[in-house]
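Visitor: I would like to take a close look at a single part of this structure, and I would be glad of a slow and connected explanation.

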Amino acid sequence: MKIFAEAKPIIGLSSGLVAAILLSATSYAADTTPDDRMADTPVFDTVIYWGADLGLSRSGKDGYGIDAGFVTALNGDIATSGWTLTSGLGFSRTDDVLSDSKSFYGSLLLGYQWHAPGYYFTVAGGANYVRNDETPPGSVTDGDELGAIVQYGFETKRVNALYVQSYGSFSTAHNQIYGHAKVGYKTPVLRFGPEFTVFDDEGSQATLRYGAFVGDIPVFGSLSMVVSAGYQDELEPGQSDGFYATIGFSVPLSIR
């Protein structure tokens with residue numbers, strides 16, 4: 001059995017972008033749905049996830065982020081179609097010679113997931129809170145913002161076959177947009193291949209990420225891990241490109 005969990009980009013290297021990146025952690029809900037191999041295991045109703053993200057630029061503007069959350073099936077079985085409740089919290093920080101940004105986010109979403117023999121699809125919507133503390137102050141994304149958020153997720157489940165995954169979200173808090181896609185190969189043990197990510201908000205130009213991932217890495221018992229790394233392309237004028245690395249963990253539980 002494997003649980004799909006991804007470390008999402010929680011930090012950004014552009015001024016004012018940190019809050020936009022934070023919303024992507026809510027997309028964990030699209031990536032923590034167990035696959036068909038759970039049919040031979042006890043029934044789980046909840047998946048807990050946590051992860052970390054690091055971004056480094058050649059100009060020295062670096063950042064990091066951490067987040068954690070859960071997705072729970074309201075019907076008591078996370079491996080079947082039904083309603084879900086998702087919540088997450090995250091913190092990030094970026095440092096530069098002339099500026100500093102600290103961000104906190106929290107979200108709560110109600111969603112529905114559809115399971116088919118070879119894939120699953122999920123949609124969710126709810127509330128998203130972001131608090132940015134930026135130095136110097138005055139950016140369009142500085143301060144507190146409460147907004148509505150929607151997200152989706154899609155993933156294939158067949159083993160020894162082509163693997164496709166996509167998830168994304170949009171929040172009205174600072175008009176934050178996040179999109180992610182993976183295309184690779186899935187074995188009974190691991191999934192791996194290239195990945196692409198884009199994120200943006202109203203205070204900056206988009207950031208693009210091109211990298212590779214390895215997922216379903218067993219850690220202990222039902223705890224699994226996914227790692228990814230690659231090149232980070234900053235479209236904001238005056239910002240230098242760099243690289244990123246992420247790590248994520250998830251574990252299924254029965255709490256009812």
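Visitor: Is Leu 54 buried, partly exposed or exposed, and what is its relative accessibility? Please start there, and then take me on to the charged residues.

Guide: Please keep in mind from the outset that this is a predicted model. Leu 54 belongs to strand β1, which covers residues 46-57, and Leu 54 counts as partly exposed because its relative accessibility is 35%, a value that lies between the 20% under which a residue is called buried and the 50% over which it is called exposed. Leu 54 is one member of a nonpolar patch on the surface, formed together with Tyr 64, Ile 66, Leu 89, Phe 91 and Phe 104, and the accessible area of these residues together comes to about 520 Å². Two strands, β2 (62-73) and β3 (82-95), each supply at least two residues of that patch.

Strand β3 also holds Ser 92, and this serine is buried, with a relative accessible area of 0%. If you look from Ser 92 to Tyr 105, you move 13 residues along the chain, and the C-alpha atoms of the two are separated by 9.0 Å.

It helps to set these strands within the whole chain, whose secondary structure consists of one helix and 12 strands, with the helix coming before the strands when the pattern is read along the sequence. Of the 256 residues, 54% count as buried, and the accessible surface of the chain is about 9900 Å², with 67% of it belonging to carbon and sulfur atoms. Among contacts with a separation of 6 or more, 59% are made by residues 24 or more positions apart.

Now for the charged residues, where the structure holds seven salt bridges. One of them joins the side chains of Asp 144 and Arg 131, with a distance of 2.7 Å from N to O. Asp 144 lies in strand β6 (residues 143-156) and Arg 131 in strand β5 (residues 119-135), so this pair ties together parts that are 13 residues apart in sequence. Asp 144 is partly exposed, at 41% relative accessible area, and Arg 131 is likewise partly exposed, at 34%.

Another salt bridge is formed by Arg 191 and Glu 155, whose closest N and O atoms are 3.7 Å apart. Since Arg 191 is in strand β9 (residues 191-200) and Glu 155 is in strand β6, the pair ties together parts that are 36 residues apart in sequence. Arg 191 is buried, with a relative accessible area of 0%, and Glu 155 is buried too, also with a value of 0%.

A further salt bridge brings together the side chains of Asp 216 and Lys 186, at 3.3 Å from N to O. This pair links distant parts of the chain, with Asp 216 in strand β10 and Lys 186 in strand β8, 30 residues apart, and both residues are buried. Salt bridges that share partners join Glu 155, Lys 186, Arg 191 and Asp 216 into one network.

Asp 216 deserves a second look, for its place is in strand β10, which runs over residues 207-220, and its relative accessible area is 0%. The side chains of Asp 216 and Lys 186 are also joined by a polar contact of 3.3 Å. The backbone of Asp 216 has a positive phi of about 65°, although this residue is not a glycine. Most residues other than glycine have a negative phi. Asn 175 is also not a glycine and has a positive phi, in this case of about 50°. Asn 175 is found in the loop between β7 (161-171) and β8 (176-186), and Asn 175 is partly exposed, with a relative accessible area of 36%.

A last point concerns how far the model can be trusted. The chain averages a pLDDT of 81, and 79% of the residues score at least 70. Over residues 1-30, however, pLDDT stays under 50, although the model has 178 contacts beyond four places in sequence for that stretch. Where pLDDT is low, the predicted coordinates should not be read in detail.

Notes
Residues are numbered from 1 along each chain as its sequence is written. This is a predicted model: local features need pLDDT of at least 70, side-chain atom pairs count only at pLDDT 80 or more; totals for chains, interfaces and linings use all residues. Side-chain values use heavy atoms; hydrogens and water are left out. Helices (H or I, at least four residues) and strands (E, at least two) are DSSP runs, numbered from the N terminus. Buried means under 20% relative accessible area, exposed over 50%, partly exposed in between (1.4 Å probe, protein chains only). Contact means heavy atoms within 4.5 Å. Accessible areas come from the Shrake-Rupley method with a 1.4 Å probe; for residues, only the protein chains shown count as cover. A polar contact is a pair of N or O atoms within 3.5 Å; within protein, one must be able to donate a hydrogen and the other to accept it, and residues adjacent in sequence count only if both atoms are side-chain atoms. Patches are made of residues with over 30% relative accessible area and no salt bridge: like charges are joined within 9 Å, nonpolar side chains (Val, Leu, Ile, Met, Phe, Trp, Tyr) within 5 Å. A salt bridge is a side-chain nitrogen of Lys or Arg within 4 Å of a carboxyl oxygen of Asp or Glu. pLDDT is the predictor's confidence in each residue, from 0 to 100.
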